[in-house]
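Got your viewer open? Load the model, pick a cartoon view, and follow along one selection at a time.

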Amino acid sequence: MENSDIVISVIFLSQTVVGILGNSFLVYHYLMLYYMRCRLKFTDWILQHLIVANFLTLLCKGIPHTVSAFGLKNFLDDIGCKLTFYLHRIGRGVSISSTCFLSVFQAITISPSASRWTQLKAKSPSYIASCVYMSWALSFLVNIAFPMDMRARQNNRNITRLRVYGICSTVHHNKELAQTFNKILNLPLPSGNLWC
């Protein structure tokens, strides 16, 4: 390994370890509150789902990329690639939506009592559970099609439509599907005319 590869590996490892330690501390904190029978605020419920989503992201993206950065490239099979890719996308989607729910709920909470938000201030705690569960359900449904063509990283370089995503790869079968996939992932299309 070169020096730059070692630096990148250590950065991946430190980010993953700090993320796991931070989330573990938060899980421990909420477990202690649960066992002490403390009453939780409504924002704590959103934060608990955010912790689960962050754990999914760390386990499905942080750990495989850290292992890959240390030189072990082909350690997942096809099913492992599909599962980690799918769970990472679910965790990322729920993390984004939980952060949005938390922001909206806090904005409603701190709004002045003379504003138009007063009616929502009383009703918003009853909507939190349904919104968070809906974000999980939508993430499961929306992301179900993405790992269908995902495969373990292949050593064959003759495939012109092969797209490598770190430890996994995919072969795009048609141009429209590849463009939609790349727009959602914010990836540039391959240069040249690969779509013969």
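What percentage of the 196 residues in the chain is buried? Buried residues make up 31% of them. Keep in mind as you click around that this is a predicted model.

**Start with the whole chain.** Colour by secondary structure and you should find 5 helices and 3 strands. Walk from the N terminus and the elements come in the order α-α-α-α-β-β-β-α. Now switch on the surface: the chain exposes about 12700 Å², and carbon and sulfur atoms supply 66% of that area. If you like contact maps, take the contacts between residues at least 6 apart in sequence: 64% of those join residues at least 24 apart.

**Next, select the largest nonpolar core.** Show side chains for Ile46, Ala53, Leu56, Tyr86, Ile90, Val94, Leu102, Phe105, Ile128, Val132 and Trp136; these 11 residues make up the core. Colour them by helix, and you'll see that α2 (42-69), α3 (78-110) and α4 (118-142) each give two or more residues to it. The largest share, 5 residues, comes from α3. Try colouring by domain as well: domain 1 (1-71) and domain 2 (72-151) each put at least three residues into this core. As a general point, nonpolar side chains in soluble globular proteins tend to be buried together.

**Zoom in on Ile128.** Which residues does Ile128 contact, leaving aside its neighbours within four places in sequence? They are Phe42, Trp45, Ile46 and Phe105. Two of those names, Ile46 and Phe105, should be familiar from the core you just selected.

**Then pick out the other core.** A second, separate core has 6 residues, including Phe85, Phe146, Met150 and Cys168.

**Now go out to the surface.** Select Ile6, Val10, Leu13, Val17, Leu21 and Phe70: together they make a nonpolar surface patch of about 510 Å². Two of its members are worth a click of their own. Leu21 sits in helix α1 (residues 3-35). Is Leu21 buried or exposed? Leu21 is exposed, because its relative accessible area of 57% is over the 50% cut-off.

**Finish at Val10.** This residue is also found in helix α1. Val10 counts as partly exposed, because its relative accessible area is 44%, which lies between the 20% and 50% cut-offs. Now draw a distance from the C-alpha atom of Val10 to that of Ala69: the two are separated by 8.6 Å, though they lie 59 residues apart along the chain.

Key. Residues are numbered from 1 along each chain as its sequence is written. This is a predicted model: local features need pLDDT of at least 70, side-chain atom pairs count only at pLDDT 80 or more; totals for chains, interfaces and linings use all residues. Side-chain values use heavy atoms; hydrogens and water are left out. Patches are made of residues with over 30% relative accessible area and no salt bridge: like charges are joined within 9 Å, nonpolar side chains (Val, Leu, Ile, Met, Phe, Trp, Tyr) within 5 Å. Accessible areas come from the Shrake-Rupley method with a 1.4 Å probe; for residues, only the protein chains shown count as cover. A salt bridge is a side-chain nitrogen of Lys or Arg within 4 Å of a carboxyl oxygen of Asp or Glu. Helices (H or I, at least four residues) and strands (E, at least two) are DSSP runs, numbered from the N terminus. Buried means under 20% relative accessible area, exposed over 50%, partly exposed in between (1.4 Å probe, protein chains only). A nonpolar core is a set of buried Ala, Val, Leu, Ile, Met, Phe, Trp, Tyr and Cys residues joined through side-chain atoms within 4.5 Å. Domain bounds come from an automatic or database domain assignment. Contact means heavy atoms within 4.5 Å.
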